[in-house]
Amino acid sequence: SPCARCMKDIIRCCHLIFHPDSPQVQCIKTYKPQEADELALEKADVLEVKTRTKDGWVEGMRLSDGERGWFPEAHVEEITNRNARIRNLWEKNRIKHATRKLQEEGQ
């Protein structure tokens, strides 16, 4: 029902707002991986930061597809606006749920 859908959206939104958000970065310079544990980056990719090293490497997860790996910190910039980070997480969850629904309908 429409009301049930609204409630699910409200619950998801509240989770994103009240759940401590993780640092996020956006790619400003493409990166081609040199090692198997590194992540290819394209301009405008948005990533959730998992780990940072003192020597300038970041382990992150790309929000658009969930791929995870290491990349040089010089290729990204911090997303400092909390509202932007929340919007990014909201969009990630929207795409995830839409993809799941399409997969279920295709079975």
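**Exercise 1. In which loop does Ala44 lie? Determine its backbone and exposure state.**

Solution. The model is predicted: local features need pLDDT of at least 70, side-chain atom pairs count only at pLDDT 80 or more, and totals for chains, interfaces and linings use all residues. Residues are numbered from 1 along each chain as its sequence is written, and side-chain values use heavy atoms, with hydrogens and water left out.

Step 1. Ala44 is found in the loop between β1 and β2. Helices (H or I, at least four residues) and strands (E, at least two) are DSSP runs, numbered from the N terminus.

Step 2. Although Ala44 is not a glycine, its phi is positive, at about 80°.

Step 3. With 46% relative accessibility, Ala44 counts as partly exposed. In this scheme, buried means under 20% relative accessible area, exposed over 50%, and partly exposed in between (1.4 Å probe, protein chains only).

**Exercise 2. Derive the element order and the sheet topology of the protein chain.**

Solution. Step 1. The protein chain has two helices and five strands; from the N terminus they follow the order α-β-β-β-β-β-α.

Step 2. The five strands make an open sheet, ordered β4-β3-β2-β1-β5, with antiparallel pairing. Its edge strands, each pairing on one side only, are β4 (68–72) and β5 (76–78). From one strand to the next, the twist averages 45°. Two strands pair if DSSP finds at least two bridges between them.

Step 3. Helix α2 (residues 82–106) packs on the sheet, where it touches β1 (24–27), β2 (46–52) and β3. The direction of α2 makes about 80° with that of β1. Contact means heavy atoms within 4.5 Å; axes are lines fitted to C-alpha atoms, for helices over the stretch in contact, and angles run from 0 to 180 degrees between N-to-C directions.

**Exercise 3. Describe the pairing of β3 with β4 and the turn between them.**

Solution. Step 1. Strand β3 (residues 57–62) pairs with β4 in the antiparallel sense over five bridges.

Step 2. Val58 stands opposite Phe71 in β4, and Glu59 has Trp70 of β4 as its bridge partner.

Step 3. The two strands β3 and β4 form a hairpin with five residues between them. In its turn, Gly66 has a positive phi of about 80°.

**Exercise 4. Which residues form the largest nonpolar core, and what does Val76 touch?**

Solution. Step 1. A nonpolar core is a set of buried Ala, Val, Leu, Ile, Met, Phe, Trp, Tyr and Cys residues joined through side-chain atoms within 4.5 Å.

Step 2. The largest such core has 10 residues: Val25, Cys27, Tyr31, Leu39, Leu41, Leu47, Val49, Val58, Phe71 and Val76. Two or more residues come from each of β1 and β2.

Step 3. Leaving aside residues up to four places away in sequence, Val76 touches Val25, Gln26, Cys27, Ile28, Leu41, Leu47 and Phe71.

Step 4. A second, separate core has six residues, including Val46, Met61, Leu63 and Ile79.

**Exercise 5. Is Arg85 buried or exposed, and which residues does it touch?**

Solution. Step 1. Arg85 lies in helix α2.

Step 2. Arg85 is buried, because its relative accessible area is 13%.

Step 3. Residues up to four places away in sequence not being counted, Arg85 touches Asp21, Ser22, Gln24, Ile79 and Thr80.
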